[in-house]
Amino acid sequence: MANKKIALIGAGNIGGELANLIVQKQLGDVVLFDIPAKENFAKGKALDLEQATALSGHQTIVKGTSNWADCAGADVLIITAGIPRKPGQSRDDLVATNLPIIRDVADNAKKHCPDAFVIVISNPLDAMVYEFKRRTGAPRSHVVGMAGTLDSARFALFIAREANVSVTDVRAMVLGGHGDDMVPVLSYTTVNGVPVKQLVAKEKLDALIDRTRKGGGEIVNLMGTSAYYAPAAGAIAMAEAYLRDQKRLLPCAAYLDGEYGYKDLYMGVPVVVGGKGVEKIVQIELSTDEKAALEKSAKSVQGIVDVVKKSA
Ligand SMILES: NC(=O)c1ccc[n+]([C@@H]2O[C@H](COP(=O)([O-])OP(=O)(O)OC[C@H]3O[C@@H](n4cnc5c(N)ncnc54)[C@H](O)[C@@H]3O)[C@@H](O)[C@H]2O)c1
């Protein structure tokens, strides 16, 4: 059986780590795409990764390119095209640069990979995935944004360190938009079923929530650019759930058509991801405070989506 084909649009920091994880997990063959000015860079990264397979024994082809025709027929498309944040910038500050980029990517994706399961990572995430879907007209089952898996992983790590438990036992759930208003949902956050509130004092939990909300900025301030290992891992969990029909329940930015009371908006919600893509948006019960926090987050997302719509 032929390997699945995974096209990575953007061969930068996240793109390179995505390719590496795809090889390690043997999810499929990789096309590492970037703009013509970065074609050699993409080719170099691809070659470097392929040479590593001679040592690891993985049977994977990795091809660098700036030709969209090489992405034709991809099963999965993961989009990181655009610029990342620098210290002092918010995700929303990226919209002017990244909007024309996502539109260019959407037009080419529609032409060359119309059947792919698409995971958008570029920021500002919720607005970029909204614009990708609007521009391509692709079904909502096949266009999602990655943020919730990353934000939940960050929250889980902070809880594990504070409670001194294994991070593999922490089930954390962060919903809403991928911004400073994101919503870590305590009522669904447990250490193997034990509510986190029983293990970590309220003031400490509040501090962990605050650190999670600012988790991206913390790394930008340390490194001078955005995180890439955990963002890549977050997207790979989603891609693997689709390619291997795992039916995982993951927090993803999904297109809402009435769910949670929102329409025509992308936002992080619990989603079952399987071989048909977004198979279900799970509507969980939220406390009054959590609903209010989700509403605040939705308003922030809507604000940036309105900017995007105005310039359509
Ligand atoms: N959703 C999340 O949780 C999350 C987390 C971290 C970073 N991000 C975002 O992901 C994006 C990528 O981050 P990175 O660190 O990999 O950046 P990077 O600068 O290392 O890589 C981005 C790549 O996109 C390429 N590119 C630009 N225009 C393109 C186009 N039209 N077609 C194809 N490729 C194009 C660039 O040449 C560059 O190589 C940024 O917008 C960043 O803010 C999102």
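A crossover is right-handed if, with the strands pointing away from the viewer, the path from the first strand over the helix to the second runs clockwise. The exercises below apply to a predicted model.

**Exercise 1.** Determine which strands pair with strand β1 (residues 5–9), and in which sense.

*Solution.* Begin with strand β2 (residues 29–33): five bridges join β2 to β1, and the two run parallel. Within this pairing, K5 has D29 of β2 as its bridge partner. Next, consider strand β4 (residues 76–79), which is linked to β1 by four bridges, again in the parallel sense. Here I6 of β1 stands opposite V76 of β4.

**Exercise 2.** State the handedness of the β-α-β unit that contains β1 and β2.

*Solution.* The helix of this unit is α1 (residues 13–25). Together, β1, α1 and β2 form a right-handed unit.

**Exercise 3.** Establish how many residues of β1 are buried.

*Solution.* A residue counts as buried when its relative accessible area is under 20%. Four of the five residues of β1 are buried, so the strand is mostly covered.

**Exercise 4.** Describe how helix α5 (residues 148–163) meets helix α6 (residues 202–213).

*Solution.* First, the geometry: the two axes come within 9 Å and cross at roughly 145°. The crossing of α5 and α6 is right-handed. Second, the residues: α5 contributes D151, F155, F158, I159 and E162, while α6 contributes K204, L208, I209, R211 and T212. Third, the classes: the contact between α5 and α6 comprises five nonpolar, four charged and one polar residue.

Note on methods
Residues numbered from 1 in each chain as written. Predicted model: local features only at pLDDT ≥ 70, side-chain atom pairs only at ≥ 80, totals over all residues. Heavy atoms only, no water. Axes fitted to C-alpha atoms, helices over the stretch in contact; angles between N-to-C directions. Left-handed = near helix turned anticlockwise from the far one by under 90°. Contact = heavy atoms within 4.5 Å. Nonpolar A, V, L, I, M, F, W, Y, C, P; charged D, E, K, R; others polar. Buried < 20%, exposed > 50% of the residue type's maximum accessible area, 1.4 Å probe, protein only. Pairing = 2+ DSSP bridges.
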